[in-house]
Amino acid sequence: MSETSPRVIKGPWLLAGAIFVGYAVMSLARFQRIAHGSFDLALFTQAVAGYAKFEPPISNVREAGYNVLGEHFHPILALLGPLYRLWPSPMTLLVAQALLVAVSVVPITRLAIERLGTGSGYAVGAAYGLSWGLQAAVDFDFHEIAFAVPLIAFSLVAVVEQRFRHAIMWALPLVLVKEDLGFIVAGIGLVIAIRGKRLAGALLGVFGIAATLIEIGILIPAINPEGKYPFWKQAGGADPTAEQGPFGMVSALGEQLLTSGDVKVHTLFLLLLATAFLAARSPITLIAVVPLGLRFISPNEFYWGTTFHYSAPLMPILFVAAIDALIRLRTTESTGQGLRDRARKAWATHGAVAMLAIAIALTDKFPLSQYWDPKTMFSQEERVEAAWTAMALVPDGATVETTLNLLAPLSGRTDTYWVGHANNPVPQYVVFDQKNSGAPVPPQDPLRWISERHGGAQFETIYADRHGLYVFVSLGDAPSR
């Protein structure tokens, strides 16, 4: 391999910088609009805050006193602790996520430039950075999976470059990102074995599967309050504790695989479309088979589609596979005669540009399309301003109970609980959004409703407006204001 030029070193980082700015601005604008999609950002904010104080990752948003390692195994989040100490805010996590995703652009772009040429290389890198799986992940709050994206990218680039020791070192930390990523580690081991390093690949594969089994079977149940892995059904489509026998389980999984086939086929189509179907020509794509299969046999319909963060770790797999396929196509001798040879030549020549064109076209259907309407993206409605005003009445460090939409903004500076849980302690403050109460029927008298759910505890209204936003303060042990 020829010596890497300074342009090849700097260029991918500049592209990654542009991707970082785009995703960070989108995330922060969404946060300011209070448009986050779930309680996940608040949950992870509390977990990282625990690490920042050298304490367990407890999330009262998830449940009072709940250690989140008893739900998913992601100790790698502790790496965000020092950053959170410097900037204790949910926005820290959003910026970190955008940065992690952007960093993964660097090795993929560099590999593409070195093996495919400058123009094609930047086209592939931009297509990857704009890929719909990454957009969906960044748009949906924060998740630990952000750490997996650069690790997978660096590992698989090293595989293509036959730097197998580096590939293994980048793959190993994946088991600290999430318990099911051991399957991707095993897949990387399989590809390494296919490329000639059979013993190293086999050992990595065994390590990945063993790590997943240990985390799911021992570590998570040891921390989980119910002493079990809480996602058996979601991970496998059938409850393994049910008395249905092995044939019954296989039948149930097969039946589940066919459930909502149109949604799953659509997801598979878009995954392959992202690389102009080039990824299908590389054995590297085999790494994605088990993770995608586990999603499709799950009864959790959120796993099947193209929203949320579930497709993000598949993006570096598919794009490195596409680069590998383009390398093979360009080094395969062809007579140039016949329809098949002409198609292969066109694919090799224009595949990178096609990937970029597809990424740009799909952007209109995915979160980056927010940039096409900056008034919506950066505007702040009167109701949102009222929500920020209401939250500002809660002092730092207070215990507060609130509705789903207001959890994240409060979680960075208060001890926050979700109003959807029945076992919360009596809070010092309640910030209540009547429109987003989460109750089947929004309470017409929120003050009375809050008092009754806390066993008759007395609260006083200190803020109420026409948008249905309220702030109540406990009359028991409310701090002086």
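1. A starting point for this note is Asp324, which is buried, with a relative accessible area of 4%. The model in which this residue is seen is a predicted one, and every value below should be read with that in mind. Asp324 forms a salt bridge with Arg328, and the closest N and O atoms of the two side chains are 3.0 Å apart. Arg328, for its part, is partly exposed, with a relative accessible area of 38%. Both residues belong to helix α16 (residues 314-331), and because they are 4 residues apart there, about one helical turn separates them.

2. The salt bridge between Arg453 and Glu401 has an N to O distance of 2.8 Å. This pair links distant parts of the chain, since Arg453 lies in helix α21 (residues 446-453) and Glu401 in strand β3 (residues 399-402), 52 residues apart. Glu401 is buried, with a relative accessible area of 0%, whereas Arg453 counts as partly exposed at 23% relative accessibility. Arg453 has a further contact to note, in that its charged end sits over the ring of Trp449, 5.7 Å from the centre of that ring.

3. A third salt bridge to follow is the one that Arg30 forms with Asp139, where the closest N and O atoms are 3.7 Å apart. Arg30 lies in helix α1 (residues 6-32) and Asp139 in helix α7 (residues 132-139), so the bridge ties together parts that are 109 residues apart in sequence. Arg30 is buried, with a relative accessible area of 3%, while Asp139 counts as partly exposed at 23% relative accessibility.

4. For the structure as a whole, a search finds 12 salt bridges. Side chains of opposite charge can pair when their charged atoms come close. Some of these contacts join up, and Arg62, Glu63 and Glu71 are linked in a network of salt bridges.

5. Helix α7, already met through Asp139, deserves a paragraph of its own. Of its 8 residues, 7 are buried, so the helix is largely enclosed by the rest of the structure. The buried residues of α7 are Trp132, Gly133, Leu134, Gln135, Ala136, Ala137 and Val138. Just after the helix, Asp141 takes a positive phi of about 60°.

6. Trp132 of α7 also appears in the lining of the largest cavity, together with Leu130, Ser131, Ala274, Ala359 and Leu362. The volume of this cavity is about 30 Å³, and the structure holds 1 cavity of 30 Å³ or more. Sorted by class, the lining of the largest cavity has 5 nonpolar residues, 1 polar residue and no charged residues.

7. Turning to the aromatic side chains, a search of the whole structure finds 14 aromatic pairs. In one of them, the rings of Phe308 and Tyr310 have their centres 6.2 Å apart and their planes at 75°, so this pair is edge-to-face. Tyr470 and Phe472 form another aromatic pair, which is stacked, with 5.7 Å from centre to centre and 20° between the planes. Tyr470 counts as buried at 18% relative accessibility, and Phe472 counts as buried at 1%. Phe308 is buried as well, with a relative accessible area of 18%.

8. Phe308 and Tyr310 are also part of a wider arrangement, in which ring pairs link Phe140, Phe302, Tyr303, Phe308 and Tyr310 into a cluster. A separate contact with an aromatic ring is made by Lys264, which lies over the face of Trp304, at 4.5 Å from the ring centre.

9. Which residues are the closest to the centre of the second largest pocket? They are Asp40, His143, Phe231, His309 and Tyr310, out of the 24 residues that line this pocket, so that Tyr310, a member of the ring cluster, returns here. About 540 Å³ of space lies in the second largest pocket. Helix α2 (residues 40-52) gives the most to its lining, with 3 residues. By class, the lining of the second largest pocket has 12 nonpolar, 7 polar and 5 charged residues, whereas the lining of the largest cavity has no charged residues.

Conventions:
Residues numbered from 1 in each chain as written. Predicted model: local features only at pLDDT ≥ 70, side-chain atom pairs only at ≥ 80, totals over all residues. Heavy atoms only, no water. Phe/Tyr/Trp six-rings, centres within 6.5 Å; stacked < 30°, edge-to-face > 60°. Buried < 20%, exposed > 50% of the residue type's maximum accessible area, 1.4 Å probe, protein only. Lys NZ or Arg CZ within 6 Å of the ring centre and 35° of its normal. Salt bridge = Lys/Arg side-chain N within 4 Å of Asp/Glu carboxyl O. Helix = DSSP H or I, 4+ residues; strand = E, 2+ residues; numbered from the N terminus. 1 Å grid on protein atoms, 1.4 Å probe; cavity = no way out; pocket = protein on both sides within 12 Å on 5 of 7 lines; lining within 4 Å. Points joined across faces, edges and corners; volume = space filled by probe spheres on them. Nonpolar A, V, L, I, M, F, W, Y, C, P; charged D, E, K, R; others polar.
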